Amino acid sequence: MSRTAERTPVEAFAYDLPEDRIAQVPVEPRDAARLLVDRGPLAPPDHRGVRDLPSLLDPGDVLVVNDTRVVPARIAATKPTGGAVEVLLLEREPAGTWRALVRPSRRVAPGTTLTAGPLSIEVADDLGDGVRRVALGDEAPLDAVGEVPLPPYIHVDLDDPERYQTVYARAPGSVAAPTAGLHLTDRVLDACRERGVRIERVELQVGLGTFRPIAADHVEDHVMHAEAYRVEPAVVDACRAARAHGSRVVAVGTTTLRTLEAVEATGALEGRTDIYLHGDARPTLVDTLLTNFHVPRSSLLVLVDAVIGPRWRRLYDTALADGYRFLSFGDCCLLDGRPGRAG
């Protein structure tokens, strides 16, 4: 019987995460983070560090990163009357406008122009739940007036906002970081290349929905948020060639994995995806995942289960017992989802 033959309660993905295990600040340097290495269902995991990643990969493997850049999406603005308004950009629309949370939304009439220093923000349609369509007069001042929105479980301000960007970030548009990539450094990436590992890039614009817990009672009823993505044809060709020759496709982060699997499922190299991997809906192009330790009852944890099966719980128990740091600024794990290694 398949694992999806029966409906799965969200509580199957609950675990006790003490508050003091949620990392509030990232480690320095980036590659000093710990790395729990999954060795399959029959062996205990290895305790390594991110600096060891090159030695854990093989020549011919393809390491794929999401090179999206987080925009300073949280803006303290002012109405023409002088009233304070917070604007949180959620997602850039194809026409160049943004979907945004505007607070308090009910006090901002359509057509109102807000200001934040040199930045003007025209508030338009009410899309429901406090979400409005907004147009920025000129995005150039955004870096000067906006703040990078941190996950809701981070309660400490960053001394350096660049620490919430990957070292290879170049495509602005996300409102949350692809956090597994925060661990990588130029030193680690260069060492991977020297070992014969090919490094490729994709782009998926990460939305705040990535932090939302599953609200449905059953995993199968969760509605996944959609995000914009773009992949060059050569990236897909490299991944398929690696798999054909017995090498691994290693996705850095769940966003990278979802992007590659969206392309594999639809054939579309760009667009929007709400792909939702769970149960027996396992990845078909990616077989190895570098990822952080995720929030209980989240779609990210469900995705981990799709990669390696129920042994995620043993790995998480090991990480908790051994002092690993959890969530966006925490440590990470390298998961082996090759056929015969999941379960």
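**Notebook: Asn66, two helices and the cysteines**

I began with Asn66 and found a polar contact of 3.0 Å between its side chain and that of Thr255; such a contact is a pair of N or O atoms within 3.5 Å, where, within protein, one must be able to donate a hydrogen and the other to accept it, and residues adjacent in sequence count only if both atoms are side-chain atoms. I noted that this is a predicted model, where local features need pLDDT of at least 70 and side-chain atom pairs count only at pLDDT 80 or more, while totals for chains, interfaces and linings use all residues. Residues are numbered from 1 along each chain as its sequence is written, and side-chain values use heavy atoms, with hydrogens and water left out.

Next I placed Asn66 in strand β3 (residues 62-66); strands (E, at least two residues) and helices (H or I, at least four) are DSSP runs, numbered from the N terminus. The Asn66 side chain also reaches the backbone nitrogen of Leu204 at 3.0 Å. Is Asn66 buried or exposed? Asn66 is buried, at 1% relative accessibility (buried is under 20% relative accessible area, exposed over 50%, partly exposed in between, with a 1.4 Å probe and protein chains only).

Then I turned to helices α5 (residues 254-266) and α6 (residues 299-308). In α5, Thr254, Leu257 and Arg258 meet Leu300, Leu303 and Val307 of α6, contact meaning heavy atoms within 4.5 Å.

Last, I looked for disulfides (cysteine sulfur pairs within 2.5 Å) and counted zero. The sulfur of Cys192 is too far for a bond, because the closest cysteine sulfur, in Cys332, is 12 Å away. Cys192 is buried too, at 0%.
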